[in-house]
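Here are a few exercises to work through with the coordinates open beside you. Try each one yourself before you read the solution.

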Amino acid sequence: MIPGPGRSITAFAPGRVNLIGDHTDYTGGWALPMAIQLGTTVTLAPGGDRVRLSSSVETATADVGVDVVDPAAEDGWVRYVAGVVAELRPPSGGVGNVTTSLPIGAGLSSSAALEVALALALGFTGTPLELAMTCQRAEQRASGVPCGLMDQLASAAGVEGHALLLDCATNSVEPVRVPEGCEVVAVHSGRARTLADSDYAERRRQCEAAAAEIGPLRDATVADLKAVVDPTDRRRAHHVITENGRVLAFVDALKSGDLEEAGALMVQSHESLKVDFAVSTPGLDELVADLISRRGVHGARLTGAGFGGCVVALTEPGVLDLGWRLTPSGGAHVVPA
Ligand code: GLA
């Protein structure tokens with residue numbers, strides 16, 4: 001059906017890079033992502049009973065009924081469009097297009113940016129937290145991966161010049177200023193993420209199994225781990241407990257401008273994600289080792305789910321001539337006409 005002459009809506013949603021605190025969000029812990037200047041724009045002329053979108057980076061066109069019920073049955077990026085539509089149940093669809101400056105599948109939350117921008121373009125009104133929770137459900141339905149809230153919340157609630165301390169027990173957001181005199185750079189490991197979906201779900205189950213024995217991991221200490229019977233579950237929980245501590249220590253380091261300490265915490269985080277959580281790859285390990293051996297690099301770690309994708313580095317300005325220099329940016333919004 002051809003849409004009516006309604007005015008088109010343009011919405012932008014940023015991607016995110018996580019500075020520290022990975023695989024903590026779905027255990028009710030802390031994470032410190034920041035929204036970045038790279039993101040996704042959706043322009044939609046409302047009308048009709050289907051959502052039809054072309055994309056600047058995908059060959060397939062999305063064509064989804066507003067009554068779609070099984071987003072996971074769609075192919076590729078269309079699943080995410082269908083996930084948002086299935087969650088929002090908009091009264092009407094629309095015709096439009098998607099453009100993005102984000103690398104796809106690199107661990108900078110291209111799918112969250114698409115979901116959040118599309119939800120706004122479809123007329124979502126609500127708080128950034130409500131927007132993020134709607135899009136988290138869309139992502140889970142689309143991908144079948146039981147992801148946490150970090151990516152969608154960072155995209156929805158970004159604050160220019162700041163990283164976001166997420167308390168995933170209460171879903172509150174505290175902006176933390178990123179100090180002058182440093183740069184955040186993401187560098188691709190050259191490998192797209194592999195096997196991430198089933199491994200992610202397995203890690204989450206292992207954390208839940210440990211929490212069933214010793215209580216919420218956010219309140220647990222390393223000493224409590226003795227009571228976790230399964231050694232693999234114990235290692236996973238060891239990562240989460242120590243990573244939560246590192247997030248809070250990293251925030252203190254940023255607030256006091258101690259970039260050396262912040263960098264050291266990133267390196268410890270990578271080691272923990274590699275050894276305890278087993279979500280690194282040889283490519284990510286080599287890249288971190290290479291980056292931290294360079295003058296002016298305070299620290300580096302894998303960022304996001306792992307299994308490939310990007311490394312994030314904290315550096316003195318201008319020392320790396322590779323990757324994406326990322327600026328802490330504002331959150332998703334409708335672009336004024
Ligand atoms: C993915 C998920 C997030 C989070 C990270 C790991 O990006 O979508 O919710 O769990 O992995 O920190």
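The exercises below deal with a predicted model, and each comes with a worked solution.

**Exercise 1. Place the ligand with respect to the two domains, and find which residues come nearest to it.**

Step 1. Start with the shell, which holds 13 residues; Asp22, His23, Asp25, Asp151 and Tyr200 come nearest to the ligand.

Step 2. Sort the shell by character: six of its residues are nonpolar, three are polar and four are charged.

Step 3. Now bring in the domain bounds. Domain 1 (9-177) and domain 2 (183-326) both contribute residues to the shell, so the ligand lies between them.

**Exercise 2. List polar atoms of the protein that lie close to oxygen atoms of the ligand, and state how much of the ligand the protein buries.**

Step 1. Look at the backbone. A polar backbone atom of histidine 23 is 2.7 Å from a ligand oxygen, and for a backbone N or O atom of glycine 148 the distance to a ligand oxygen is 2.9 Å.

Step 2. Turn to side chains: an N or O atom in the side chain of aspartate 25 sits 2.6 Å from an oxygen atom of the ligand.

Step 3. Finish with the surface. The ligand taken alone exposes 310 Å², and the protein buries 94% of that.

**Exercise 3. Work out how strand 5 pairs with strand 2 and with strand 3: parallel or antiparallel?**

Step 1. Take strand 2 (residues 30-46) and strand 5 (residues 94-100). Seven bridges join them, and they run antiparallel. To check one bridge, go to threonine 43, whose partner in strand 5 is asparagine 97.

Step 2. Take strand 3 (residues 50-55). Five bridges link strand 3 to strand 5, and here the direction is parallel. A bridge to inspect is the one between leucine 53 and glycine 96 of strand 5.

Step 3. Put the two together: strand 5 has an antiparallel partner in strand 2 and a parallel partner in strand 3.

**Exercise 4. Describe the neighbours of strand 10 and decide how many of its residues are buried.**

Step 1. Strand 8 pairs with strand 10 over six bridges in the antiparallel sense; valine 187 and valine 311 are bridge partners.

Step 2. Strand 9 (residues 297-302) also pairs with strand 10 in the antiparallel sense, over five bridges. In this pairing, glycine 299 is opposite leucine 314.

Step 3. Count the burial in strand 10 (residues 310-315): six of its six residues are buried.

Step 4. Recall the general pattern: side chains in a regular strand alternate between the two faces of the sheet. In strand 10, Cys310, Val312 and Leu314 point one way, Val311, Ala313 and Thr315 point the other way, and all are buried.

**Exercise 5. Decide whether glutamate 183 and arginine 203 are buried or exposed, and find polar partners for their side chains.**

Step 1. Glutamate 183 belongs to strand 8 (residues 183-188). Its relative accessibility is 15%, and because buried means under 20%, glutamate 183 counts as buried.

Step 2. The side chain of glutamate 183 reaches the backbone nitrogen of glycine 318 at 3.1 Å, and a polar contact of 3.4 Å connects it with the side chain of arginine 325.

Step 3. Arginine 203 lies in helix 5 (residues 196-214). With a relative accessible area of 5%, arginine 203 is buried too.

Step 4. The partner of the arginine 203 side chain is the backbone oxygen of alanine 278, reached at 2.6 Å.

Notes: Residues numbered from 1 in each chain as written. Predicted model: local features only at pLDDT ≥ 70, side-chain atom pairs only at ≥ 80, totals over all residues. Heavy atoms only, no water. Pairing = 2+ DSSP bridges. Helix = DSSP H or I, 4+ residues; strand = E, 2+ residues; numbered from the N terminus. Near = heavy atom within 4 Å. Polar contact = N/O pair within 3.5 Å; in protein donor to acceptor, adjacent residues only side chain to side chain. Areas by Shrake-Rupley, 256 points an atom, 1.4 Å probe, with all protein chains shown as cover. Nonpolar A, V, L, I, M, F, W, Y, C, P; charged D, E, K, R; others polar. Domains from an automatic or database assignment. Buried < 20%, exposed > 50% of the residue type's maximum accessible area, 1.4 Å probe, protein only.
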